[in-house]
Amino acid sequence: MALSRFWGWFLIHIALFLSLCYAEDPFVFYDFEVTYITASPLGVPQQVIAINNKFPGPTINSTTNNNVVINVRNKLDESLLMHWSGIQQRRSSWQDGVLGTNCPIPPKWNWTYQFQVKDQVGSFFYFPSLHFQRAAGGFGSFIINNRPIIPIPFDTPDGDIVILIGDWYTQNHTALRKALDAGKGLGMPDGVLINGKGPYRYNDTLVPDGIEYETINVHPGKTYRLRVHNVGISTSLNFRIQSHNLLLAESEGSYTVQQNYTSLDIHVGQSYSFLLTMDQNASSDYYIVASARFVNESQWKRVTGVAILRYSNSKGKASGPLPDPPQDEFDKTFSMNQARSIRWNVSASGARPNPQGSFRYGSINVTEVYVLRNKPPETIDGKRRATLSGISFVNPATPIRLADQYKIKGVYKLDFPNKPLTGPPKMETSVINGTYRGFMEVILQNNDTKMHTYHMSGYAFFVVGMDYGEWSENSRGTYNKWDGIARSTTQVYPGAWTAILISLDNVGVWNLRTENLDSWYLGQETYVR
């Protein structure tokens, strides 16, 4: 009786909140039926997660301040949550779709997410956040368009193209999960998918016959907006298109200073928009390539995705070698300098008419500092676990947001340390105590041997610095206080640090995690309350 009364009051509160917040802005509606299908993206039949029988799932297309309603029906054989990566969920963190904010959707049940994309624009994606399910698919793109009254800082493109790239295993996600539970690593991926499809047969030895590949059809002289997302498991990918420049224009909701790249490293969980002009002679089709980075690339040649860019007047098939990746085997600063070159366009309007740079983050006093350090996985209580500052996170049975709202004691501890623990690692439900309207500095120190990317829900943080070695107080002298990019996912190079600044203006409980799916599964995360 008490439980039913509790849920009754909870639903009444939610209904009142929605009626107040969603009264004026338009609604967009989607129905997601989440099922297993059999597909063979790398030539091997396997179980993948589809949405409405599609792999990848459909694009959610919305406009700033729209109210988005997505009814998710779970037809899997295990519980499910859908996470809307980069959507800030202003004052509605219970819609975020991670274990700290939502109860899972049981098999054969449905749940309707309803949230407003308040004051946001840009390129994002969604994915299932439980049980290692992202390794089986269930992902798709999430676009927030500008309102017509707000100018975009470039001419309206002739078309909009979504490209989802990511490493891929031919084993089912359940087998990958069992390997991690048994204390093993995942090993080298079996390939890279582009929009859910395997590589074009550019090499008869590396690519078997009969694999379906992605073809992007374009017209000469036109300019297209390419929204590229790394939805993979743990591999950074270098993205490039043969004979074409990529004009960077936006990243995860922030317009960037526009500059050309011949290729760009896109790390797990990151999203970019490029303007691509069809200015070649179309003597043949062109390769679109996403290849593994920060690994032994001579051994990882199979971990390469290849699609085809086809002009309407193309004179033949693509052939010959792929365009080269960066030749920086002995220059570990190349990729970092490329990352530092991505700058915020301070004069462009974002979701609002005022320029992005009118928020002068560099002049705000920091109120709290956290140094978060990760290391290679280690054994805790006989289990292989991943840690953040010496703590491997344990998700509670009751979501943190629910426990916080209704003052349920004993669910979590508000004691996450400002600095890494010096003693043995431990498993805890330990949460960062943030201050509303505070200004938090977080240093992400990667003492692992592999690349990590970190994501924070609820916010676009400012990436103000990165360098190799250990961060120190003197490192602040290198910070970019003017036009550091604002985004929700940032890379941290192995043996290096990245510093971010966060304006804590969004009440709620927000997930801060590595996007590397194996390390996230093993506990490398926390929440900021």
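**Pockets, cores and buried polar residues in a predicted model**

The largest pocket has a volume of about 1,000 Å³, a value computed, like the others reported here, on a predicted model. The lining of this pocket comprises 36 residues, and those nearest its centre are Gln88, Arg90, Asp119, Arg352 and Asp505. Two elements, helix 1 (2-21) and strand 28 (486-487), are the ones that give two or more residues to the lining of the largest pocket. Enclosed space was examined as well, and the structure holds three cavities of 30 Å³ or more. The largest cavity contains about 80 Å³ of space and is lined by 15 residues, with Phe139, Gly166, Asp167, Trp168 and Val231 lying nearest its centre. Strand 9 (residues 159-168) supplies the largest share of the lining of the largest cavity, namely five residues.

The protein chain is divided into three domains, with domain 1 spanning 27-145, domain 2 spanning 159-331 and domain 3 spanning 361-528. The centres of domain 1 and domain 3, taken over C-alpha atoms, are separated by 24 Å, and the contact draws 21 residues from domain 1 and 25 residues from domain 3.

The nonpolar interior was considered next. In soluble globular proteins, nonpolar side chains tend to be buried together. In this model the largest nonpolar core has 76 residues, of which Ile165, Leu226, Phe239, Phe274 and Leu309 touch the most other members. This core lies between domain 2 (159-331) and domain 3 (361-528), because both of these domains give residues to the core. A second, separate core of 26 residues includes Ile37, Ala50, Ala135 and Leu176. For Ile165, when residues up to four places away in sequence are not counted, the residues touched are Leu193, Ile194, Val228, His229, Asn230, Val231, Gly232, Leu237, Phe239, Ile266 and Ala290.

Val72, placed in strand 4 (residues 67-74), has 0% relative accessibility and therefore counts as buried, the cut-off being under 20%. With residues up to four places away in sequence left out, Val72 touches Phe32, Val34, Leu80, Met82, Ile105, Trp109, Asn110, Trp111 and Tyr113. Between Val72 and His455 the separation is 383 residues in sequence and 24 Å in space, taken from C-alpha to C-alpha.

His455 is also one of the residues touched by Glu515, a residue of the loop between strand 31 (510-514) and helix 5 (517-521). Glu515 counts as buried because its relative accessibility is 0%, and its side chain is joined to that of Arg513 by a polar contact of 2.9 Å. Beyond four places in sequence, the residues in contact with Glu515 are Ser85, Phe127, Arg134, Ile233, Val268, Gly269, Thr453, His455 and Thr489.

A further buried polar residue is Ser123, which is found in strand 7 (residues 122-128) and has a relative accessible area of 0%. The side chain of Ser123 makes a polar contact of 2.7 Å with the side chain of Glu250, and another polar contact, of 3.0 Å, joins the side chains of Ser123 and Ser273. Both partners appear among the residues that Ser123 touches outside the range of four places in sequence, which are Phe142, Arg225, Arg227, His229, Glu250, Glu252, Gly253, Ser271 and Ser273.

Several features of the backbone were also identified. The peptide bond from Phe55 to Pro56 is cis, with omega near -5°, and Pro56 is found in the loop between strand 2 (46-51) and strand 3 (60-63). Positive phi values occur at Gln89, where phi is about 50° although the residue is not a glycine, and at Lys108, likewise not a glycine, where phi is about 75°. Gln89 lies in the loop between strand 5 (82-85) and strand 6 (110-116), and the place of Lys108 is also in the loop between strand 5 and strand 6. In accessibility, however, Gln89 is buried, with a relative accessible area of 0%, whereas Lys108 is exposed, with a relative accessible area of 76%.

Notes:
Residues are numbered from 1 along each chain as its sequence is written. This is a predicted model: local features need pLDDT of at least 70, side-chain atom pairs count only at pLDDT 80 or more; totals for chains, interfaces and linings use all residues. Side-chain values use heavy atoms; hydrogens and water are left out. Helices (H or I, at least four residues) and strands (E, at least two) are DSSP runs, numbered from the N terminus. Buried means under 20% relative accessible area, exposed over 50%, partly exposed in between (1.4 Å probe, protein chains only). A polar contact is a pair of N or O atoms within 3.5 Å; within protein, one must be able to donate a hydrogen and the other to accept it, and residues adjacent in sequence count only if both atoms are side-chain atoms. Contact means heavy atoms within 4.5 Å. A nonpolar core is a set of buried Ala, Val, Leu, Ile, Met, Phe, Trp, Tyr and Cys residues joined through side-chain atoms within 4.5 Å. Domain bounds come from an automatic or database domain assignment. On a 1 Å grid over the protein atoms alone, a cavity is a set of points where a 1.4 Å probe fits but cannot get out, and a pocket is an open set with protein on both sides within 12 Å along at least five of seven lines; lining residues have an atom within 4 Å of a point. Grid points are joined across faces, edges and corners, and a volume is the space filled by probe spheres set on the points.
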